[in-house]
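I opened the notebook to look at how the parts of this assembly fit together. My plan was to go through contacts, symmetry, helix packing and backbone oddities in turn.

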Number of protein chains: 4
Amino acid sequence: MTEKAISNDSGRPELGVAMVGHAFMGAVHSQAWRSVARFFDVPRTPRMVVLGGRDPERTARAAERMGWAESSTDWRALVERDDVDLVDVCTPGDTHAEIAIAALEAGKHVLCEKPLANTVDEAERMVEAAERARERGVYSMVAFNYRRVPALALARQLVAEGRLGELRHVRAAYLQDWLADAEAPMTWRLRKEQAGSGALGDIGAHIIDATQFVSGQTITGVSGLTETFVRQRPSDAAGGTENVTVDDCAVFSARFSSGAVGSFEATRYATGRKNAMRLEINGSKGSLAFDFESMNELWFHDGEEAPETGGFRRIVVTEPTHPYAGAWWPPGHVLGYEHTFTHEIADLLTAIEAGTPPEPSFADGLHVQRILAAVEQSAENGSKYIEV
Amino acid sequence: MTEKAISNDSGRPELGVAMVGHAFMGAVHSQAWRSVARFFDVPRTPRMVVLGGRDPERTARAAERMGWAESSTDWRALVERDDVDLVDVCTPGDTHAEIAIAALEAGKHVLCEKPLANTVDEAERMVEAAERARERGVYSMVAFNYRRVPALALARQLVAEGRLGELRHVRAAYLQDWLADAEAPMTWRLRKEQAGSGALGDIGAHIIDATQFVSGQTITGVSGLTETFVRQRPSDAAGGTENVTVDDCAVFSARFSSGAVGSFEATRYATGRKNAMRLEINGSKGSLAFDFESMNELWFHDGEEAPETGGFRRIVVTEPTHPYAGAWWPPGHVLGYEHTFTHEIADLLTAIEAGTPPEPSFADGLHVQRILAAVEQSAENGSKYIEV
Amino acid sequence: MTEKAISNDSGRPELGVAMVGHAFMGAVHSQAWRSVARFFDVPRTPRMVVLGGRDPERTARAAERMGWAESSTDWRALVERDDVDLVDVCTPGDTHAEIAIAALEAGKHVLCEKPLANTVDEAERMVEAAERARERGVYSMVAFNYRRVPALALARQLVAEGRLGELRHVRAAYLQDWLADAEAPMTWRLRKEQAGSGALGDIGAHIIDATQFVSGQTITGVSGLTETFVRQRPSDAAGGTENVTVDDCAVFSARFSSGAVGSFEATRYATGRKNAMRLEINGSKGSLAFDFESMNELWFHDGEEAPETGGFRRIVVTEPTHPYAGAWWPPGHVLGYEHTFTHEIADLLTAIEAGTPPEPSFADGLHVQRILAAVEQSAENGSKYIEV
Amino acid sequence: MTEKAISNDSGRPELGVAMVGHAFMGAVHSQAWRSVARFFDVPRTPRMVVLGGRDPERTARAAERMGWAESSTDWRALVERDDVDLVDVCTPGDTHAEIAIAALEAGKHVLCEKPLANTVDEAERMVEAAERARERGVYSMVAFNYRRVPALALARQLVAEGRLGELRHVRAAYLQDWLADAEAPMTWRLRKEQAGSGALGDIGAHIIDATQFVSGQTITGVSGLTETFVRQRPSDAAGGTENVTVDDCAVFSARFSSGAVGSFEATRYATGRKNAMRLEINGSKGSLAFDFESMNELWFHDGEEAPETGGFRRIVVTEPTHPYAGAWWPPGHVLGYEHTFTHEIADLLTAIEAGTPPEPSFADGLHVQRILAAVEQSAENGSKYIEV
C-alpha cells in the first residue's frame, strides 16, 4: 500500500492572519498569503483566519473566494482574536491609523498598505504605536511592494555593492492613464478626506519609497508643482457631478542625502501608459533603468566596461541567483505583479521569526509621508524648496 | 454578531483531481489548480485529492508543499480512485501514453503535458482512447499552455477577425540557452528513450502548436535540419560521460494549409536567451510579433493605417477586455508564466462542464507529433521536404 | 556623340554663403550646405564662399576639407563681402550677438547656432537687429536643428491635427554623459563667460525649443534646481585645475500656455546615455514619445483606438509622405544626425525665397533665452516659481 | 590681409571616377563619392568625371544633381577614358558582367553593386577578369555595403576576437514589405531575365554576405524553399498584367564551415517591416543581435559575465573607437544608411593605394552567387540539401 495521508502539520508552526479590506489590495494580498508557503521556506505557515469588511454579504463572498476561513464586519473584534497573530490592513488610507494602532496594541503584528496614512500626524501616531509594540516583540511593516520586484531588489544590490559609484541623478515617474478620460466617474481615490491626496500619495508614494530604497539615500528636500486637470467628475453618490479635491498629477524635484538630484512625476493622465513605474539612476560608474510594465527586466550600464562594448544591458531577472527568483520557475519563465506581494510576505514572516524589524518600517512610511506633505506644501507656496 | 463561518461548499460542486509527476510541471500545475477557482468562475471547484510519484518520501513532501491531500507511488491505483474525476499527467513523455490511456479507460478526464507522446504510434493510441472516452462524456486535453498566454490568445483573435488578411509568413523560434555550456550535466531530456527528441520535441512542439493555433492553419509539409553540438556530457548515472542521443537544435521550413511559408527554429544553445519563444506572422493586411520574455506584450501592425502613422503597436495585454486578463489585476499590472496554466485549467473545467471537447485535443497533439516525426525524417534524408 | 558637358549653371541662381566657426557645428553645417541642393529642390544653390576662423592655418585647412572656396580670420570683412548673401554663425555663444548683428546690418541673412546668445540682453539686441533687417527683406533663423528631425516634425503635425487632444503632460530630458568622469578636462563649455550656462543652455535649450515646437504652446513659468557635481577640473590653460563656473545639470518644472505641466532635465552626467534627447507628450486623446538615440522612430499612442488593440506604435519615420523623408532613401533606409541640418537649411532657403520669415526666429530664440534665465533665477531663489 | 584662396590641390592626388547607373544606387553612391574625402583621410581625392546612363536627358539632369562633371550614354566609351581611373557599376544585375569586365580590361578599378551577377556563369567570368586585372594592379570590389555598418563591423571584430567562442547558430532575415500589396505594379526587379531572382538575390544576397563576414565562416550547404505569392501584377509595359517570374520569398537552412547551423529568410511581404535586415549569432561564450532599422545599435551578450548581471547590451555604435564612427560626430549623434557607402568607398580607396585587394572581392561575390544558385536548385528539388 503506497498511499499516505498528508498531515495538516508540516512540523512548521502556523501563524494566524486576519485581513481587513477585500478590494484590489485584498485580492492580491490573499493570493500572496495562500502562495507564500508553497514557494518559500517560511518559518511559519499562514493560516487565513478571518477577513474583515463593511458589508456582511460581500465580505462573506470575498472570504470564500479568497480563501479566508471566516468573515467579519467588526474589525475591532477581529484584531483582538486569540487565533490571530497578524493583521493585514488593506483599507483606504483614512482608516489605516485606527486599525493598525488597535492591532498593535492588541499585540498583533501588522502589515499595512501604503501610503501609511493620510496625514503626517496619523503616521506619527502609528510610528509611536509601532515602536511601543516592537519593544514587546510585535512587528510592523508598510507594504511598499515594489521593493520586492526582483529587478528592483537587484538594483538595490548593485548600488549597495558600489557598481554605480557616486550617485548623481535619480529620475522617477509613475505613469497611469485611468483618469485621462474626463468622463471617468468619481471614486474615493479623488476625495481628499478619504485618499489624503491624489496621484501624489497613491503612486508618487511608491516612487519616493522605491528611489530611497534603491539608492540607499534619503530625500532631504523637495520643490513641487501639482495640478488638477479635471475638477468635476460624474458621481452617482453625489447625484450629478462631484468636485475632485485631490491632485491629478505631481511633478517635483528633490535632493538626496548624498548630493544626487532627483526628478519625479506621478500622474494618472499619461494616455497609453498603464502602470509605467519607471526608475533611472545615474552614478559616476554606472546607471540603472527600470519600467514596471516590463517588470522582469533591469537595465544596467556598467561604466567601467570598455567603451567599445559598453551599453545598457537588459538583465532578465529570473536567474536562480537573482533576488526571490530562485523560488519560482526556470530562467526566462517570467513573474507578474502579484509575486511582489508573495515576496513581501515571505520577508515579513522571516523577519518576525528572526526578531529583526521588517522593512520598510512604519518609520520609513512616515518619512515618505513627510515628503508627500512637503511636496504639497511646496506646491501651495510657489514651488518653494522645502527641507524635509 | 457579525462573524460568519465560511462553509466548505460554495454551492459549486467539486471535481476531484489527481496529478502524476511533481517536478517543474507538477509545481506549476499545482499552483494553477490551487488558484483557478479564486479568479475564474469555473463551474466546479477542484479538490486536490492525490499526487502520484515514484519515490514515496519525495512524493509525500511534494504533496504537502503543493497542496495535495494525499500522495501515492501507485499511479494505477490512483487513476482508478472513485474520488478522482480528472488525472493530470505531468511525467516525462515516455509514460504519457500508458497513464493517460489507463485514466481515460477508468473514466477520468485527462490533462496531459506536451508533447503528447514520444512517438506517433503512442500518440495514435492515445487519440483512439480519447475518442472512445469522449463518447462516454470523458474529455482530454494536451497542455500546450502557450495558447493561454493572453497576448497569443489575442493574436489568435486578430487573425480570426481577418485583421492580418491573407497570411504569407509565419516565423517562429524557441530559444533557450541552458545547454550552451558543454559541461552542463546529462539529464533525461537528452536521452532519446525517455524524451523522444531534444529541442525539437521539448520546445519545437510548442511553436508548432502555437503557430497553428494563432494562424488557424495546419502545417502541411516540412523540410528539416537538426544538429547535436555536444555529443557527450558528464553523467553521474553513467559514472563518467554519457552520449547525448537527441538533437540539440532543429531548424525547419514549412508550408501551411493556406499557402503561408513558415520558418522555425528550436534550440537550447542560444546564449543569453532564456525563454525566448518568439512568433511573427505577416499577412497581406497586417502583422503580429511576440516574444515570451516580454509575455505581456503583443506587437500588432495594422497595414490599413495611413502610412504616416503606421507602425508596430506594443499592446500591453492587460486590459479587462483582453483574453483572461479581466480575471486578474488592473491594466499594466502584469501576469507571469504560471498564469497560462491557470487559464488552461479554467478553460478545461469550463469545457468539461459544457460538454464541448476542450482544445487542444489529443488529436491536435497527434498532429504536432506527426510534424515532429516529419522534421526528424526530413533531417535524416538530406532535408527533403515531407508532406504531413 | 553622347557626352554632354554639365554647365555650372543649373538655371537656379546661387546664394553666396559665409560661415564663421569650424568646430563640430561648422563641420556639420558644411555637410548640410554641400548636400542640400543634391536632395531638395531649393530655389537657390548655395555657393560656399568663405569660412571664417581665428587661426589662419587651421581655418584654411578646415575650409579646404569642408569645401569652402576661401578662408578668413577677419569676420568683420567677411560679413561685408558682396559675394556673400548669408552668414552662418557657428561660434561659441559669447560672440553670436556681435557677429549676427553686424551681418544683419550688412544686409546678410543670418543662420545662428543656438542658444541665440549667452544673455537675455544680447538676445534682445539680436531680435531688434533681426526685426530691422526683416523690414529690408533680410531674414534670420536660430539653429534649433531638432525641429527638423523627421520624427519630431511628424510629432508637431500630429499635435497640430488634434490627434493628442488637450495636452496635459510634457516630459523632456536631454541626457549625455561626457562629463561623468570627474577627470575629464576643462573646456570652454564649462566657463560661464564663454558658454553662458552649462547643461542648461547647451542642451536644455534644445528641449525647451523642441517641446514648445511640438506642443505648439509656450512655457509660461518655471521652477528650477541646478547642481554642479564636479567643481574643479584639470586644465592645461590654467596650468593645474580650473573652477567650473556653470551648472552640470538642471531639473525644472514648467507650465505651458494651455495648462499642460512640464518636467525637464538636462545633464551631461547620465552615464551610458550618449545623446538621449527624449520627449513625451500626453494628451486627452493620445500620446507621443521620442528618443534621439533612435531618431528614426516616433512612438504614437492613439487613445481613440479600441482598448483591445491600443498601444504605442513605433512609427519608422522614413515613408515618402513623412516630413523631409521623401527627399532621401526608400522606407527603412534610415537617416542620421547630420540630415537634420540639411533639412534646416532647405527650409531656410525656401523661406528666404518666399519672403516668409523662417522659423525658429530670433524672437523664438529670445523666448528660449528668457526661459533659461528664469530657470537660473529660480534655482538661485529656492526653486521659487517664476513667470516668464 | 587675412584671406586665403584655397587651392584645388590639397597635395593629395585625385582619382577619376566614372559611374554607370543613376537610380537609387547611383544616388547613394554619388553622395558617398562627394563626401568621402571630407571625413576620411583617403589617399586620393575622388574627381567625379562622368555619369553613364541610357537616356541622354535624364542622365544629364542626374549628373548635374548628383555632382558629376559630365554625362554619357555610351558606357563603352566611358570605361576607356584616360581621365577615368575607376568605374562604379550601379546598373541592374544583367549588365554587371559586361560593363565590369570591359572596365577591368581597360585597366580601370571596379566597384560593382551586388549581387555580382545574375548567374554563376557571369560571376565566374567576372572573377577571371578580376584576377587577370589584379596581376596588373587593377582592383575590384563588390558593394555589399552592410559590411560597413559600424555595428556589423564591430560584430565582426567581436567574433574575430573570440568573444562569442565557438559559433552554434546564425539566424538572419531580411524583411521588407513593398510587395505586400498585390496591386503594387510590375518592376524590373520581378523579371527573371533582368533581376536574376527576386527577394533571394536582391536582399537574400545581403544576409548571405553579412553572415559570412561577421561569422568569419563560409556556408557549405543549403536547403531552400521559395514561393511567389502574387503571380501577376499590373504592368504598363505589358499593357495589362505581367507574370512575376521570380521568387517573392526564400526561406533556407544552411551549415557553416565550422559547424554552425544557419536559418535564413528573405521577403518583401513582411507587412510593416521596412528594411529589417536582422542578424543574430549565438556562440558558446556569447551572442550578438542586430536589426538595420536600428542601425546604430549592436546587441551583445557576453556569456562570461556573472549571471546576476548578464544580459544583452545595447551598444550605441557611435564611440570614437568604434569602426568608422570616429570620422563623424560625437557619441550618440547617429549615422544613417548612406554612411555605409561612404565607409565602403573609403576602404576601397585605401586598399587600392596600399595595393591590398579590397574586400569583399569578386570571388566573395561569386561564392554568394553559388549559394543563391544552390538555394534555387534545392527549392526546385524538394528542398534537398545541396553542398556548395
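The entries below follow that order, starting with a single chain. I am working from a predicted model.

**Entry 1: domains of chain A**

I looked up the domain bounds first. Chain A splits into domain 1, residues 14–145, and domain 2, residues 147–387. I then took the centres over C-alpha atoms, and those of the two domains of chain A are 23 Å apart. How many residues does each domain bring to the contact? Domain 1 of chain A brings 39 residues, and domain 2 of chain A brings 41.

I went on to the elements on the domain 1 side. Helix H1 (24–39), strand S6 (109–112), helix H5 (120–135) and strand S7 (140–142) of chain A each put at least two residues into the side of domain 1 that touches domain 2. H1(A) has the largest share of that side, eight residues. I also sorted the side of domain 1 of chain A that touches domain 2 by class: 24 residues are nonpolar, 10 are polar and five are charged.

**Entry 2: chain C against chain D**

Next I checked the contact between chains C and D. Chain C contributes 44 residues and chain D contributes 44 residues. On the chain C side, strand S1 (4–5), helix H1 (24–39), helix H2 (56–66) and strand S4 (70–72) each supply at least two residues. Which element gives the most to the side of chain C that touches chain D? H2(C) does, with six residues. By class, I noted 19 nonpolar, 15 polar and 10 charged residues on the side of chain C that touches chain D.

Then I superposed the two chains. A rotation of 180°, with 0.0 Å of shift along its axis, puts chain C on chain D at an RMSD of 0.0 Å. The two copies are thus related as by a two-fold rotation axis. I looked for the residue of chain C closest to the rotation axis and found Gly336(C), with its C-alpha at 2.2 Å. I also compared the two sides. In chain D, 100% of the interface residues of chain C are interface residues too, so the copies meet through the same surface.

**Entry 3: chain B against chain D**

I repeated the lookup for chains B and D. Here 32 residues come from chain B and 32 residues from chain D. The chain B side draws on strands: S8 (167–175), S9 (219–227), S12 (249–256), S13 (261–267), S14 (276–283) and S15 (286–291) each supply at least two residues. S13(B) gives the most to the side of chain B that touches chain D, with four residues. I counted classes again: the side of chain B that touches chain D has 11 nonpolar, 16 polar and five charged residues.

The superposition came next. A turn of 180° and a shift of 0.0 Å along the axis lay chain B on chain D, with an RMSD of 0.0 Å. In chain B, the C-alpha nearest the axis belongs to Lys384(B), 2.3 Å away from it. The same surface serves both copies, as 100% of the contact residues of chain B recur in chain D.

**Entry 4: a helix pair in chain C**

I turned to helix packing. The axes of H1(C) and helix H9 (residues 339–354) of chain C come within 8 Å and cross at roughly 60°. H1(C) and H9(C) are therefore oblique to each other. The crossing of H1(C) past H9(C) is right-handed.

Which residues meet between H1(C) and H9(C)? From H1(C), I listed Val28(C), His29(C), Ala32(C), Trp33(C), Ser35(C), Val36(C) and Phe39(C). They meet Phe341(C), Thr342(C), Ile345(C) and Ala346(C) in H9(C). The contact of H1(C) with H9(C) has eight nonpolar residues, three polar and no charged.

**Entry 5: backbone oddities in chain A**

Last, I scanned the backbone. Most residues other than glycine have a negative phi, and most peptide bonds are trans. I noted these exceptions.

- Lys114(A) and Pro115(A) are joined by a cis peptide bond, with omega about -10°. Pro115(A) sits in the loop between S6 and H5 of chain A.
- The peptide bond from Glu359(A) to Pro360(A) is cis as well, with omega near -5°. Pro360(A) is in the loop between helix H9 (339–354) and helix H10 (362–380) of chain A.
- Tyr324(A) is not a glycine, yet its phi is positive, about 70°. I placed Tyr324(A) in the loop between strand S17 (312–316) and H9 of chain A.

Key: Residues are numbered from 1 along each chain as its sequence is written. Chains are lettered from A and ligands numbered from 1 in the order in which they are written. This is a predicted model: local features need pLDDT of at least 70, side-chain atom pairs count only at pLDDT 80 or more; totals for chains, interfaces and linings use all residues. Two residues are in contact if their C-beta atoms, placed from the backbone, lie within 7 Å. Ala, Val, Leu, Ile, Met, Phe, Trp, Tyr, Cys and Pro count as nonpolar, Asp, Glu, Lys and Arg as charged, and the others, Gly among them, as polar. Domain bounds come from an automatic or database domain assignment. Copies are superposed by least squares on the C-alpha atoms of residues with pLDDT of at least 70 in both. Axes are lines fitted to C-alpha atoms, for helices over the stretch in contact, and angles run from 0 to 180 degrees between N-to-C directions. Angles under 35 degrees count as roughly parallel, over 145 as roughly antiparallel, 65 to 115 as roughly perpendicular and the rest as oblique. A crossing is left-handed if the near helix is turned anticlockwise from the far one by less than a right angle, and right-handed if clockwise.
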